[in-house]
Each structure stands twice: as structure tokens, then as C-alpha cells.
Amino acid sequence: MQEIKTDITEKDIPAIEVKDLVAKYGERVILDHISFTVPKGEIITVLGGSGCGKSTLLKHITGLYTPFSGDILLDGRSIVYADEEEKRRITRFFGVAYQGGALFRSFTVGENVALPMEEYTRLSKEEIRERVKEKLKMVNLDGFQDLMPSDLSGGMLKRCAFARAMALDPMILFFDEPSAGLDPVSSASLDELILQIREKTHATILIVTHELDSIFRVSDRSIMLDAKTKKIIADGKPAYLRDHCENPDVRMFLNRGKL
Amino acid sequence: MIETNKFKLGLFVTGTVILFIAAVSCMGLFDFLSAKAYLYTTVTESVQGLNNGSQVKLRGVPIGKITDIIIHMDNRNISLQMEVDLKRFSKSSQSEFSHTVISREEFYQLLETEIRKGLRCRLELDGITGMKYLEIDFFRDVKLAPAENPVEIAGKYVKSHGEEYFYVPSTPSMLASLRLSMTDILARIAMIDFDGIANRSSQLLEKMNEIIEPKRVDRLIADLDKCVEAIRQTSENLGSLLDKNEVNKTLEDVRNAVQAITRLSAAVRRDMEKAKIPETVAGLRDLTGDIGDSSRNMNVTLQHVNEAVDALTEFARYLNEHPSALIFGRPKKKEDVKSGGFFSDILP
Amino acid sequence: MAEEKNFLTDLFTSIGGFFYAACGEVFSFIAFTGRCAYAVLDAFRHPGKIRRRELLYFMDLCGADGVPITFLICFLTGVILGYQCAVQMQKYGADAFLAGLVGCAMVRELSPLMVSIIATGRTGSAFAAEIGSMKVSEEVDALRTMGFMPERFLVIPKLFAMTLMMPLLAVIGDIAGILGGALIGMGVLNQPPAAYYAQTVAWVRPGYFFESIIKTAVFGIIITFIGCWQGFRTGSDALAVGRSTTSSVVLSILFIIIADTILAHFFNSIFF
């Protein structure tokens, strides 16, 4: 059943596959029978107004929440039905950059990035230091290894979180609202960074956001969730959706409320 | 930020561990390493207030502790096992400070000779709490229980818990022996023949009465008066007969003598009047009669006294078992279980 | 009629709601305990994976940093106990028993209790606040998606540190309490220090010290468990951290007292 070799995967197995997902908080339905697939190497943005369940969807995909029904496959393996060991093995192949960074405040920047490597690899301290340097260089934070997260600015925190998410060279990256709370310049530089990352690592990237500039700049494809129907109301290239989507709400969202 | 001050932590851990080891060794954790001797004894009285761990003292010096308390169902004795720290005993050596600890065998030998000389152990109260300890000493104030021949069984070993236990005979505790003596004394008081004593004293008084008959005394005084009168007449007669000067002188002498005699007789009479012998004797007789009556009453009274003393004995026994009652008062009656129970015949 | 029925319905609804919530709490605690037990097992299987730096940090925090306050409070407790008893015992001429009373009470009962209550306030609440704020800032989620068991990462160093350090603090507390009693014995009852020492040594058995350290180790485990559990239960708002800190202290003290009751019975059946 279990596939042991993981770094070589069949091209046709999608990176993310959500099947008929139903999510509930108690009695309240958040996501109602949602299905979509993300092929390898794609950058996909999940859009939607506040309270439509974007973050909930992300937490289900990353295995933090257990769905009410349905299944989620990451690289062909179900994270829903995985036991602790299997879950650990799956989590090794994706990285998550949280909204606020979620860096461990008692660790330095370098230690934060090194943490997954120390845990999952048998690299020596010297090798780990090299790879941390390399990762931080990728997000333009080389030289900041010994600072504490509290000493960093918002944009730097996000970039550091990116570096930590990429520590193990994962094949899937999840970014939760990467440009939230940042000035336009930092936001734009983050978008560039995301594209660079894809270029260097060929990772599949799922971004939860509602920043229109980012959506049009980085994503190959967008999925839009609706707060009322709890379903996907649009799926396609963002530029196409902006101009040609049948649903006026989607067009309105992508045109900043103007039709 | 999360750097640890390892020096402080190390200091703390080392310091505390040393403190802990020091504390527990002060409290005697490593006592089991030192040489021990094992003794046992049996007592017939209640060991209320004695626990495992209670002290064993030799002439007031704490030398060990009670390790086990067992009741023997066949003779209802309670046997106490104890552990003695041989560190406390030293052989005589040259210097007072370099003492050599004696071996267990030496200790047992020493103990056996001492037991033959009268060394015993008994329960003693430790302060006011009702706790007891076992004292080993020569107790001159208590006589040995007659049934026991301690010298015979001294040094008898009993095996228990893989150790040989050396027997030390016991004597009843202070309160137990006090109770025994009290009962003894009361029995003796009860044996005294108060009736006989009263009868004999009344006979004695009657005889005295007969001897001091009041009529005879009166007659005696009358005779004395007559005698004095006769002397006066004689002297008057003599006065008329004799030479004036000489007679005067003689008369003077005689008168003086007579006057002295008169004074004497007056004094005697006065004294007799004062003494009121008849009344006194009558009073004595009445008293004797009373004593005769009350000797019967006294028997009844003594009965009461006996009962009161019984109650006192009971109280003493109670205090012996619950000395704390002196402070905390007697708890609600629940001792009734004891009367007629398993231990009823152990208690006097 | 209708009102009465309403009242009854409300009553049963609230009882049911309370029971439901209580069961939820209990299950959540059992689940947390299970995960922690798994993490402890894992830590014993792979001792190399225990995060040494956190362990040392928390050992320093729970142990060495707590020495001054522990010493002070236990010393004063000894003084208070000694003083109150000295006044009463003097009436009965039982002065000589003061050392035994203070020694036994401090070592067997009060010092473990005081040490644990101080630790609850100092470290238990800190654990709850730390994990709670990590929960709020999604750090716990981050740990989980990085494949770490948050319990292993966050609870194990605290648990080991507390279990190791609390007994040492108890030793400090024991000694401080005895010293406090000695101050009263010497100052108020004019007992010579040697006599007080001899009485203490005669009454306090080495076993009592072991009782003291075993008790505090158990209390340390309770404090860590409750503190971390409350931390993990924290909701996602800032107020929630405050709430979980408060309830960690209250619950810890409650469970310490309950555990103490059971342990007191247990140790009394050993010693007497």
C-alpha cells in the first residue's frame, strides 16, 4: 500500500487532490462538498472574501483539522486517513508559511530554519549551517541568522517563514496570506520571491490570499470560495475569470468591486 | 534568549543534592550500615503508646528502636522486638575519645551477666503525649513478677526475620506496679479487725473507770480536812502550854506549816473541782460506747472506701493506658468492649 | 403550566450542557494525557531527541531561579508554624516537641505543598501562557505541519525539568522550614541549637525526605500537565491566553490538593 520512495513521483499524480471535502465547526458547515486537483508545478491561489473558509481549507489540506467527510490526497497519499507516522512522513514533503510567520520566538532566525533539518536529516552541524545560509540567501536574509524573530520587520518575518517552509526542499508549499499587512513594495518583492522559488525548486505552490496584484502576478490558476454556498464558484486563470466569468460576484471581486 | 546559565544550574543541582544527602544521613538513613544487635522481650500489660520505631533506652541513653510488636495468641503476651545500635557501646580503652565498638557477641555476653544481676526492661511514659519508650535498667523499686524466673530464660535466642533475637526479661511498668501495690495495700487495710480493736479499747476504759472511783476521792479529801483540823487543835493546845517566847516561835512555825497544809488542801480541792473527774469519766464511758457502735458503722464505711479505691484503681489503669486523658479528658465511653473480652483476665 | 415546563426544560438543558462541557473537558484532558504519555515513551526510546537546550533552560527556570522565593516562603512558614505551636505547647510544657512537630509537618506536608504552590504561580502559569500565545500565533500549528508532535516539543522538556527540579526545591524548602522552626525554638523557647537539632533528628525520619521529594515530583508532573493542557486549549484570541493562565493555576492547585490527600494516605500507610 504505502509508497516508500517519494522523491521520484509519477508525473500524472496530482500534487494536491481534494475529494468531496465537507468541513464543519460543530454543526456549522464551512466547506460543502469541495473537490479540486492541483497538478505538479502549478501556482494556485485560493480566493474568497472573509469567512469563506480559505484558512479552514488550508488547515484541512495541511492535516491540522480532520474533515467531516471526504478525502485529501497529497501526492497521492491521504492525509486524512494517515496515522501519526504516515502523517509525519507526508508533512516532510510540504512546507507551510503562516500568516504571521509563526516563527518560534525563542529561537534565532537561523535556528528556526535549521529546526526541520535537525529533526529530519542526519546532516552535520556544518552542513546544516551551510544549508540554512543557502535558504536564507534565497529569501535575501543571509546574515540575519543570529537575530531573534522579534528583531525582524513584518516582511522579513514572512521571508524567514518562507525559508523555514523550504528548509527540507518540499514539493508542495503553502503560503497563508503572504502579503497581508505589508506595504506594496514588500508585497511585490514577495511575489517576485515566490516566482523565483518556483523556478528554483519546481515546487507546487498553493497561496491563500485576497491581494489582487499578487493573484494576477504569480498565479497560474485561481479557485474562488463563496461564503454563502460554501462551494467553489470559480476555477480558472485569474485574468480570464476577471473578464469572462459567468458569476458576477467573481468578476466584482477581481475588479475591486467595480463592474 | 533561551541561553541557560549553566553555572547557576550546576551550582543549584550540586548544592541541593549535597544538602539532601547530608539531611537524610543526619536523620539516620545510613544507620543500617552500622553494627546492630537484636533483642526481644515479652510484656503482659498493654503497650498502648508504643509503636514501631519507638525508642529503646539504656539508663536513659537512646540505644535503638522497636522494630516489631507481636501478640502471642497462646499466652496473650506481647513480644517486642528491638534493634540496638552497637555504636553506642564502647569497650574501655586508654583514651576517652578513641572508643572501640563492641561486637554483638560481646554485647550479648555483657547483657547476660547484667540480667543475672537484675537488669530488666520496662515500658516508660515519654512526656505527656502518651507515647512510650522501652527503658532497660536495674529497677530496684519494683519486685519481680513471681511466676517469672528471668535468669532461667535470659539469653534465650529466638529466630525471626533472619536474625537471632536475644531475650531480655521485663518487669511491669511504673504505673502497672503502682496499681499492683495499691491493690495490695487496700487488701491489707481490709484485713484489719476494727471490731476487735474497738472492743478491747472499751474494756480498757471500763477498767480505768473502776480504778478512779469518784467516792473514794471525796472520802480522801474529807479525811485530809479532819487531819488538818486535828493538827490545828493540837497546836493551839500546845500554844497554851509552852513558854511564851519559845512557844510563840514554835507556834509561828506550826502555824506556817498548817497554813501551808491548808493552802495545799485548798489547792487540791480546787484542782479536784477543776478536774471534774466524775463527768470526764462518764464522758469517756459514753465515748467508749460510741466507739463500740461506730466500729460497726466503720465496717460499712470501709466497704465504701474499698469501692472508692477500686474506682481509683480503674482510673489509674485508664491513665496508664491513656495518659493523654490528663490533658484531653476522657473520650466517650468505648472501653466496655474490654470487660469480658479477650484481655479481661490480663487486667486485675 | 407552560412556564413550569419552560423552567424544567431550561434546567435540564443547562444540566445537560454542563455535563456535556464537563465530559468534553475530561476527554480533552485524557486525549492530551495520552499524547503526552506517547511523547514520554518516545523520549525514553530516543533520549537523544529530547531538546537539551530547552530542558536546561526550563531546569534553570523552574529550579535555580525559584530558590530564593522557595527558601523565603518555606522559612517563613516554618517560623509561623513554630510560633503558633510554641505558644500553645508552652502552656502544657511540651516545648521539647516543637522541633518534632515543625520538622515532621514541614518535611512531610507543608514544604511540598508550598513549593508546588509557588511553582504553580511561577512556572505553571508561565507554561500555559507560553503555549497559549504560541497557539494564538499559529506556532503550534507550524510545529504540527512540520511534522513535530507539539507535545514532544513543548511538554517533554518542561515535564522532565519540573520532575527533576521540583524535588530539589522541596529539599531546600524542607531545610528552610526546619530552620524557621529552629529560629522560634531558639528565640522564643530558648532551646539550645544542639537540643533543637537533636530533637529534629530524632523525630524526622529519612523516609520523610523521600516522601517530600516524591510528593513534589508528582506535583511537578501535575503542574506541567495542567499548565500545558490549558495552554493547548487556548482559543485564538488574546484574552484566551489570560483565561487559560488563570484556569491553569486554579486547576493545578485543586489537583495538587487532591493528589496530596491521596498521597498523605498512601505515605501514612507506609510509615505507620
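This is a chat about a predicted model, going through its confidence, one of its interfaces, a sheet and some helix packing.

Q: Before anything else, what are the ipTM and pTM of the model?
A: The predicted model scores ipTM 0.85 and pTM 0.71.

Q: And chain C, what's its mean pLDDT?
A: Chain C has a mean pLDDT of 91, with 99% of its residues at 70 or more.

Q: Where in chain C is confidence lowest, and where is it highest?
A: The low end is helix α5 of chain C, residues 139-145, at a mean of 88. The high end is α8(C), at 94.

Q: OK, switching to the interface. How many residues of chain B are in contact with chain C?
A: 20 residues of chain B, and they touch 20 residues of chain C.

Q: Which part of chain B gives the largest share of that side?
A: Helix α1 of chain B, residues 6-26, which supplies 11 residues of the side that touches chain C.

Q: How do the residues on that side of chain B divide into nonpolar, polar and charged?
A: On the chain B side there are 13 nonpolar, 5 polar and 2 charged residues.

Q: Let's go to chain A. What order do the strands of its open sheet come in?
A: The 4 strands run β2-β1-β4-β5, and their pairing is antiparallel. At the edges sit β2 (28-38) and β5 (77-78) of chain A, each pairing on one side only.

Q: Remind me, what do strands pair through?
A: Strands of a sheet pair through backbone hydrogen bonds, and the pairing can be parallel or antiparallel.

Q: So how many bridges join β1 to β2 in chain A?
A: There are 7 bridges between strand β1(A), residues 16-25, and β2(A), and the two run antiparallel.

Q: Which residue stands opposite A:E17?
A: That's A:T37, in β2(A).

Q: What does helix α1 of chain A lie across?
A: Helix α1 of chain A (residues 54-61) lies across β1, β2 and β4 (69-74) of chain A. Relative to β1(A), the helix runs at about 120 degrees.

Q: Staying in chain A, at what angle do α3 and α4 cross?
A: Roughly 125 degrees, with the axes of α3(A) (residues 109-120) and α4(A) (residues 125-138) coming within 9 Å. That makes α3(A) and α4(A) oblique to each other, and their crossing is right-handed.

Q: Which residues meet there?
A: From α3(A), A:G110, A:V113, A:A114, A:M117 and A:E118 meet A:I128, A:R131, A:V132, A:K135 and A:L136 of α4(A). The contact divides into 6 nonpolar, 1 polar and 3 charged residues.

Q: Back to chain C. Are α4 and α8 roughly parallel or roughly antiparallel to each other?
A: Roughly parallel, because α4(C) (residues 98-136) and α8(C) (residues 206-233) cross at roughly 20 degrees. Their axes come within 8 Å, and the crossing is right-handed.

Q: What's the residue mix in that contact, nonpolar, polar and charged?
A: The contact of α4(C) with α8(C) has 15 nonpolar, 14 polar and 5 charged residues.

Q: And at what angle do α4(C) and α7 pack?
A: α4(C) and helix α7 of chain C (residues 193-203) pack at about 50 degrees, with their axes 8 Å apart. So α4(C) and α7(C) are oblique to each other, and this crossing is right-handed.

Q: Which residues meet in that one?
A: On α4(C) they're C:A99, C:G100, C:G103 and C:C104, and on α7(C) they're C:Y196, C:Q199, C:T200 and C:W203. This contact of α4(C) with α7(C) divides into 4 nonpolar, 4 polar and no charged residues.

How values were computed:
Residues are numbered from 1 along each chain as its sequence is written. Chains are lettered from A and ligands numbered from 1 in the order in which they are written. This is a predicted model: local features need pLDDT of at least 70, side-chain atom pairs count only at pLDDT 80 or more; totals for chains, interfaces and linings use all residues. Two residues are in contact if their C-beta atoms, placed from the backbone, lie within 7 Å. Ala, Val, Leu, Ile, Met, Phe, Trp, Tyr, Cys and Pro count as nonpolar, Asp, Glu, Lys and Arg as charged, and the others, Gly among them, as polar. Two strands pair if DSSP finds at least two bridges between them. Axes are lines fitted to C-alpha atoms, for helices over the stretch in contact, and angles run from 0 to 180 degrees between N-to-C directions. Angles under 35 degrees count as roughly parallel, over 145 as roughly antiparallel, 65 to 115 as roughly perpendicular and the rest as oblique. A crossing is left-handed if the near helix is turned anticlockwise from the far one by less than a right angle, and right-handed if clockwise. pLDDT is the predictor's confidence in each residue, from 0 to 100.
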